[in-house]
Amino acid sequence: MSRQIRARRRTIALITAPVLLLLSVFYGLSFGSVPISLREIWMIITTDSQSAHDTIIMNLRLPRVLVGLLTGACLAAAGAILQGVMRNPLADPGIIGVSAGGGLAAVITMVLLPQLSYLLPAAAFIGAFATSIVIYFISWDKGTSPVKIVLAGVAVNALLGAVMNGIMVVYSDRIQAVLPWLSGGLNGRSWHHLSFMAPYALVGLGLTIAAIKPANLLLLGDDSAKLLGQKVELQRLLLILLSSLLAGAAVSAAGLIGFVGLVVPHAVRLIIGEDYRFLLPVSILGGAALVVFADTIARTWFDPIELPVGILLACVGAPFFLYLLRKRSNWR
Amino acid sequence: MTNTPSAIDLEKIEHEMGMFQLFDVTASVPEGKMTAIIGPNGSGKSTLLKIVAKLLKADKGDVSVQGKAAGVYSRADYARTISMLPQAKEMLPELTVRELIAFGRSPHKGMFKQRLTDEDNKIIDWAMKTMSIRRHDDRMFHTLSGGEQQKARIAMALAQKTSIILLDEPTTFLDISHQLEVMGMLRKINQEQGITIVMVLHDLQQAAAFCDHLIAMKDGEIVSTGNPQAVITSRFLRQVYEIEAKVSFEQNYPVIIPIPRNYEEDATMIIVTNISQITKGNGDKLIERFDRIGKVEGMEGFLGLEVLLTQNTKDYDEVSVVTRWNSKDDFQAWTKSEAFRESHTHRKTPDYIISNKITFQEVKVKRNPLPPIQQELAKEA
């Protein structure tokens with residue numbers, strides 16, 4: 001990629017990504033069992049009208065779209081940061097076990113302590129956080145390496161999955177509420193869910209600004225980053241914590257949605273390169289747009305069934321990921 | 001030692017890391033000079049450099065930089081004092097040359113500040129000018145040639161504006177003209193800016209010609225330090241590289257003329273060829289039989305063994321086993337040895353062996369040593 005092409009692509013991406021997000025939001029708001037025109041949506045949001053569609057937009061579609069938007073943004077940001085700090089293209093909250101940690105904590109809360117369900121995001125965050133700490137220390141041996149972190153993550157992921165399945169077998173009578181959540185869905189997400197996750201998500205997304213410089217320096221390699229005065233190990237720990245905060249927020253609201261954190265930053269990187277000043281914002285916008293689009297498709301195209309968006313994303317994401325892997329040989 | 005103050009002091013450094021070890025390394029690097037660490041592969045040069053750069057922590061011993069213990073500096077402080085060019089093996093992301101060099105400014109900037117100030121840009125321009133790569137300003141780094149890439153990497157270290165620069169084999173993988181260009185540029189930086197330069201070098205000639213001070217290492221120990229003329233001597237070459245050579249200096253360049261080792265001439269050897277005619281399809285059995293015959297390797301005077309076979313042993317009706325010996329006596333001694341007898345008694349010659357013929361050949365081995373280089377040089381002059 002020459003400098004001119006890269007500059008052009010960056011400009012295009014920085015313009016396209018917000019436009020895509022906007023389109024996805026309008027798509028999500030206006031499509032469904034009752035189509036609602038954009039003008040009407042605008043009226044509903046801006047004025048205090050009491051049209052028949054008011055409830056649909058304000059109580060059903062808008063919170064759902066916003067939860068989807070934040071979920072996608074968080075997952076893409078977490079993936080982009082993890083891929084950078086672990087210098088491994090396979091790093092994704094779903095793959096290295098951070099999501100599973102959050103998921104297990106959430107399942108425990110839902111199944112064993114249903115009266116505390118308002119603590120779901122906190123539980124998921126603590127679960128993701130604890131998992132990332134465990135992974136970090138398992139892989140620590142006079143410093144840590146990206147490969148060790150990913151291997152430890154894979155092992156921890158398997159263990160957590162087993163525990164989660166164990167809980168579901170033992171309490172099979174109570175898993176009705178858990179199942180759709182496990183496959184990653186946004187059905188019935190309300191303002192209530194949004195108000196739980198939004199603080200975590202917004203704090204996490206805000207903190208990603210601080211991730212840009214260390215992530216860019218880590219691209220040069222650990223030694224070079226150290227030689228440029230970076231506390232590489234500390235930064236890696238903090239960035240992993242940041243991505244578990246982001247993953248925890250996403251998991252608590254939308255369950256186990258995979259591939260967003262893997263596919264979105266990958267695709268963006270292919271188009272505009274690895275500079276995190278551009279990669280992070282474009283990935284965040286792209287991830288948000290992807291989840292909102294996918295969720296709208298999942299709930300409208302298969303009427304009367306409402307598909308969990310996680311299933312749709314996996315069906316699209318997994319082949320796309322394989323395509324990326326194959327292409328990677330002549331990529332870098 | 002000279003009276004120049006030292007920029008870096010190493011005190012009894014001990015380190016063990018896999019096959020690389022450092023023992024009791026005590027040395028100092030004179031301030032404002034160019035120092036080369038030389039020595040054979042695996043002597044611990046790069047390890048030592050990494051310890052100085054705080055990329056590795058020595059098991060024992062102290063590093064002090066400008067009179068202050070290295071441990072006292074924060075990472076960022078250290079990066080403003082010492083910059084280092086590691087061996088060029090990390091994959092770099094897609095960057096323009098200017099973006100790469102701009103990374104050199106990061107130790108001088110805060111956590112969130114990435115935007116370059118006018119001063120930063122001036123320093124980046126200066127670094128590019130010093131390495132004469134200004135024309136590549138906007139090119140993508142990976143489209144440059146190896147030599148230009150190396151200059152860009154050095155410019156990045158320069159942009160750190162440190163008083164000490166460490167370089168790990170800066171000229172390896174470059175052609176001779178780029179090697180000389182890079183060394184010349186480093187020398188100029190050293191002389192004009194007074195920057196202390198320490199590098200690991202493989203090329204003794206360049207080390208001697210461009211550096212003021214040498215630190216010679218072997219097997220993790222320092223064997224000699226001092227100015228090039230004092231360090232590079234015949235004794236040194238014998239001790240460190242295990243070669244016999246004459247050393248003289250022409251201007252600043254050492255002229256190293258290896259003295260050829262004397263090879264033994266006119267040695268004789270006996271080739272014993274054992275050709276067995278066999279019925280077709282029994283090649284495998286014969287090989288297996290040879291396998292069981294007593295050990296030969298331990299025999300005195302035994303030089304080597306060859307078995308001639310085709311790839312498809314089933315088609316073969318002849319197998320040659322060739323052994324080489326110092327003398328006929330040695331071969332005969334083997335046939336009388338315990339090992340041979342053990343393997344041949346109680347064993348009849350199997351019927352698939354039709355006939356068996358042993359021949360002896362005496363061979364004179366004559367090795368021609370290379371003509372003495374001195375004569376060649378004399379002729380050219």
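## Helix packing in chain A and its contact with chain B

Select residues 150-171 of chain A: their end C-alpha atoms lie 31 Å apart, and the span is 95% helix and 0% strand. Helices here are DSSP runs (H or I, at least four residues), strands are E runs of at least two, and both are numbered from the N terminus. The model is predicted, so local features need pLDDT of at least 70 and side-chain atom pairs count only at pLDDT 80 or more, while totals for chains, interfaces and linings use all residues. Residues are numbered from 1 along each chain as its sequence is written, with chains lettered from A and ligands numbered from 1 in written order.

Next, select residues 237-264 of chain A. This span is 82% helix and 0% strand, with 23 Å between its end C-alpha atoms. Both spans appear in an unreviewed UniProt entry under "transmembrane region", which also lists residues 12-29, 65-82, 94-113, 119-138, 276-298 and 305-325 of chain A. UniProt positions follow the numbering used here, feature names are shortened, and annotations may be inferred rather than shown by experiment.

**Helices 3 and 12**

Select helix 3 (residues 54-85) and helix 12 (residues 276-300) of chain A, which pack at about 140 degrees with axes 7 Å apart. Helix 3 of chain A is therefore oblique to helix 12 of chain A. Axes are lines fitted to C-alpha atoms, for helices over the stretch in contact, and angles run from 0 to 180 degrees between N-to-C directions. Angles under 35 degrees count as roughly parallel, over 145 as roughly antiparallel, 65 to 115 as roughly perpendicular and the rest as oblique. The crossing of helix 3 and helix 12 of chain A is right-handed; that term applies if the near helix is turned clockwise from the far one by less than a right angle, and left-handed if anticlockwise.

For the contact (C-beta atoms, placed from the backbone, within 7 Å), show residues including A:Gly68, A:Gly72 and A:Ala76 in helix 3 of chain A, and A:Ser283, A:Gly287 and A:Val291 in helix 12 of chain A. By class, this contact of helix 3 with helix 12 of chain A has 15 nonpolar, seven polar and one charged residues. Ala, Val, Leu, Ile, Met, Phe, Trp, Tyr, Cys and Pro count as nonpolar, Asp, Glu, Lys and Arg as charged, and the others, Gly among them, as polar.

**Helices 1 and 12**

Keep helix 12 of chain A and add helix 1 (residues 3-30) of chain A; the axes come within 8 Å and cross at roughly 25 degrees. That makes helix 1 of chain A roughly parallel to helix 12 of chain A. Their crossing is left-handed. Among the contact residues are A:Arg10 and A:Leu21 of helix 1 of chain A and A:Phe278 and A:Asp295 of helix 12 of chain A.

**Helices 3 and 10**

Return to helix 3 of chain A and add helix 10 (residues 232-254) of chain A: the axes come within 8 Å and cross at roughly 155 degrees. Helix 3 of chain A is thus roughly antiparallel to helix 10 of chain A.

**Chain B**

Finally, show the contact between the chains, with 20 residues from chain A and 22 residues from chain B. On the chain A side, helix 8 (191-218) and helix 9 (222-227) give two or more residues.

Conventions:
Contact = placed C-beta atoms within 7 Å.
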